[in-house]
Amino acid sequence: MINVSYVQLWVHDQDDALEFYTKKVGMEVREDVTVPEMGNFRWLAVGPSHQPDLSIVLMAIPGPPIMDAETNKQVHELMAKGFAGTVFLTSDNLDKDYEELSSRGVDFVQKPEQQPYGKDSAFRDPSGNNIRVTQRS
């Protein structure tokens, strides 16, 4: 059986992303490892405390030789538009979570709205990634 254990988001600044996902969204740090032998590559993963088997890797946008300068620029442009990555979160009580996250400074681009599949909302992280939060019907 194959399980999903990690999903990855590109981030502009891993420290900013870490602060956002832990202090504002309420996730915990799962892994934070820097590898000097790989040019100080940093593996940074966060996730909800009640869901230990799935983590979000907050990956710095690489430069050359992994990603050429033009591609790096394109990734930054797509992120600014909210098209570089989307994470779908679920909530048991979206109205309550919306109020809590908003009070911590999370800026929602879509307030909770009733949809045919449930209640749905969205915010962006500091890098522009689109984060959707849904309460299923």
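This is a short chat about the pockets and the sheet of a predicted model.

User: Hi! What kind of model is this, and how are residues numbered?
Analyst: The model is predicted, so local features need pLDDT of at least 70 and side-chain atom pairs count only at pLDDT 80 or more, while totals for chains, interfaces and linings use all residues. Residues are numbered from 1 along each chain as its sequence is written, and side-chain values use heavy atoms, leaving out hydrogens and water.

User: Cool. Which residues lie nearest the centre of the largest pocket?
Analyst: Met27, Pro48, His50, Leu89 and Thr90 do, out of 28 lining residues. A pocket is an open set of points on a 1 Å grid over the protein atoms alone, where a 1.4 Å probe fits, with protein on both sides within 12 Å along at least five of seven lines; lining residues have an atom within 4 Å of a point.

User: And what volume does the largest pocket have?
Analyst: About 830 Å³, counted as the space filled by probe spheres set on grid points joined across faces, edges and corners.

User: Switching topic: what is the strand order in the open sheet?
Analyst: The order is E1-E4-E3-E2, with mixed pairing. Strands are DSSP runs of E with at least two residues, numbered from the N terminus, and two strands pair if DSSP finds at least two bridges between them.

User: Which strands stand at the edges?
Analyst: Strand E1 (6–11) and strand E2 (28–35); each has a single partner strand, so one side of each lacks a neighbour in the sheet.

User: How many bridges join E3 to E4?
Analyst: Two, and these strands run antiparallel. Ala45 has Val57 in E4 as its bridge partner.

Key
Helix = DSSP H or I, 4+ residues; strand = E, 2+ residues; numbered from the N terminus.
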